[in-house]
Amino acid sequence: MLTSDELKQWLHKDLGKLDKILLVLATQDEPIAVSKINELADTAGFRAMRKWNVSATLGASKGKAIRTTGWELTDAGKIHLRDLGIATISPAAMQVAVDLRSHLDKITDNETRDFVEEAIKCHEAELYRSAIVMAWLGAMDVLHKHVHAHHLSAFNIEAKRVNGKWKAAKTPDDLGRMGEADFLDRIAAISVVGKNSKEELQKALGLRNGCGHPNSLKVGANKSAAHIETLLQNVFERFA
């Protein structure tokens, strides 16, 4: 969310103690100890933090930071920092990341969780093309596993009907042998997804393809947020 160079600039602005400690936490992807917080502030040229009661300040942050294996920034803390203007991402786009992260706790499959978590991190870091690609990979992982668990026989019959050369899938990975556009057609034909959902997923696939290859396509926070929201509503919340 915040680079070391950006931290140097922000720590020397006229901000309160809590805001400055949260800024240090925003440079890390994992919980850190108070000693590490002070070390990072020192490196940024802000040694006054060593004189503060960092734990007491974070403990009174009203949920903007929590202590697990160390102190870490919460979604409320990230939104608070964005309200200070440390990033260009809009509150609406940030809310999508918060919504998706809340859904993350319900995903039990480790591979799917990894895909979705990486997509969220990319979105929060404003790496929108990467976020779009990773969110799509997570959605396909969910759909492959759902079809394998609940509709494999019907899927193979439909796939064989359309393409006589189709070799019946036995595992979720086998389903990956089929092109993604064709896969969406097949699962719509056996009513795993409806016509309108398929159309939305086809648009998402088109955007993913545009972001996954070298070209001049530009995407911003709102486009990334809309893409993730589509997958959240039509795949993750229904099948994960």
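These are my notebook entries on the fold, surface and nonpolar cores of a predicted model.

**Overall layout.** I began with the secondary structure and found 13 helices and two strands in the chain. I then looked up the extent of the C-alpha trace, which spans about 75 × 35 × 25 Å along its principal axes. Among contacts between residues at least 6 apart in sequence, I noted that 62% join residues at least 24 apart.

**Burial and surface.** I looked up how much of the chain is buried, and 46% of its 240 residues count as such. The exposed area comes to about 12300 Å², with carbon and sulfur atoms supplying 48% of it. For the charges, I compared the mean position of the 33 positive ones with that of the 31 negative ones, and the two lie 1 Å apart.

**Largest nonpolar core.** Which residues touch the most other members of the largest nonpolar core? I found Leu143, Phe155, Phe183, Ile187 and Phe236 in that role, within a core of 41 residues. Several helices each supply at least two residues of this core, including helix H6 (91-104), helix H9 (152-162) and helix H13 (221-239). Helix H8 gives the most, with nine residues.

**Around Phe183.** I followed phenylalanine 183 further and, leaving aside its neighbours within four places in sequence, listed its contacts as Met140, Leu143, His144, Val147, Phe155, Leu175 and Met178.

**Second core.** I also noted a second, separate core of 25 residues, with Leu7, Leu22, Leu40 and Ala65 among them. As background to both entries on cores, I wrote down that nonpolar side chains tend to be buried together in soluble globular proteins.

Notes:
Residues are numbered from 1 along each chain as its sequence is written. This is a predicted model: local features need pLDDT of at least 70, side-chain atom pairs count only at pLDDT 80 or more; totals for chains, interfaces and linings use all residues. Side-chain values use heavy atoms; hydrogens and water are left out. Helices (H or I, at least four residues) and strands (E, at least two) are DSSP runs, numbered from the N terminus. Buried means under 20% relative accessible area, exposed over 50%, partly exposed in between (1.4 Å probe, protein chains only). Contact means heavy atoms within 4.5 Å. Accessible areas come from the Shrake-Rupley method with a 1.4 Å probe; for residues, only the protein chains shown count as cover. Lys and Arg count as positive and Asp and Glu as negative; His and the chain ends are not counted. The place of a charge is taken as NZ of Lys, CZ of Arg, CG of Asp or CD of Glu. A nonpolar core is a set of buried Ala, Val, Leu, Ile, Met, Phe, Trp, Tyr and Cys residues joined through side-chain atoms within 4.5 Å.
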